[in-house]
Amino acid sequence: DILTALYVLARLNTAHQSVQRNHWVTKRWKIYRKFGNLCIISALPIDWVIYAVGGSYQECLWFRAFKLLFCYHVFSTSVAGSCPKHLTLVLQSVAVMHICCCFWYYIGVQYKNWDEAH
């Protein structure tokens, strides 16, 4: 969590080169607009706050999904320009399958509790 927050802070304080005008973008709101809300939400320790307040482990896992999506976003944007297209497709497919498997595992773990809830 600390490394994610440090990465986001560094990323939001780093200028990038504009593709359209071929100049450096240094204004913070334009840098923020490029990276979006997912950056900020993933840096916040929402899952730890929910756990400290007394939330269940499953609730914390759902709020940890923002960090997983952020990792996927960073991975897909950084790999997309440096790898061949087939390798990028394979790596992104593996990442999506991992997310689906995590969701499927969660459903399997919660299946025994469904009869008690209804």
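The following paragraphs describe the fold, the nonpolar core and the largest pocket of a predicted model.

The secondary structure of the chain comprises 6 helices and 2 strands, and these elements succeed one another along the sequence in the pattern α-β-β-α-α-α-α-α. Of the 118 residues in the chain, 19% are buried. The chain exposes about 9,200 Å², of which 68% is supplied by carbon and sulfur atoms. When contacts between residues at least 6 apart in sequence are considered, 44% of them are found to join residues at least 24 apart.

The largest nonpolar core consists of 8 residues, namely V8, L12, V25, I31, F35, C39, A43 and F70. Two or more residues of this core are contributed by each of α1 (2-12), α2 (28-35) and α3 (37-43). With regard to α1, the residues T4, V8 and L12 are buried, and, because they cover an arc of only 60° around the axis, they are placed on the same side of α1. On the other side of this helix, I2, L3 and L9 are exposed. Two of the buried α1 residues, V8 and L12, thus also appear in the list of core residues.

Contacts of A43 and S42 add detail to this arrangement. The core residue A43 is in contact with T4, A5 and V8 once its neighbours within four places in sequence are left aside. The residue S42, which lies in helix α3, has a relative accessible area of 0% and is therefore buried, the cut-off for that class being under 20%. With neighbours within four places in sequence again excluded, S42 is in contact with T4, V8, F66, K67 and F70. Both T4 and V8 are therefore among the contacts of S42 as well as those of A43, and the contacts of S42 further include F70, itself a member of the largest nonpolar core.

The surface of the model was also examined for open space. Rolling a probe the size of a water molecule over the atoms shows where empty space is left. The largest pocket has a volume of about 450 Å³, and its lining is formed by 16 residues, among which L61, L68, C102, F103 and Y106 lie nearest the centre of the pocket. At least two residues of this lining are supplied by each of the helices α5 (57-80) and α6 (85-117).

Note on methods
Residues are numbered from 1 along each chain as its sequence is written. This is a predicted model: local features need pLDDT of at least 70, side-chain atom pairs count only at pLDDT 80 or more; totals for chains, interfaces and linings use all residues. Side-chain values use heavy atoms; hydrogens and water are left out. A nonpolar core is a set of buried Ala, Val, Leu, Ile, Met, Phe, Trp, Tyr and Cys residues joined through side-chain atoms within 4.5 Å. Buried means under 20% relative accessible area, exposed over 50%, partly exposed in between (1.4 Å probe, protein chains only). Helices (H or I, at least four residues) and strands (E, at least two) are DSSP runs, numbered from the N terminus. Contact means heavy atoms within 4.5 Å. The arc is that of the directions from the helix axis to the C-beta atoms. Accessible areas come from the Shrake-Rupley method with a 1.4 Å probe; for residues, only the protein chains shown count as cover. On a 1 Å grid over the protein atoms alone, a cavity is a set of points where a 1.4 Å probe fits but cannot get out, and a pocket is an open set with protein on both sides within 12 Å along at least five of seven lines; lining residues have an atom within 4 Å of a point. Grid points are joined across faces, edges and corners, and a volume is the space filled by probe spheres set on the points.
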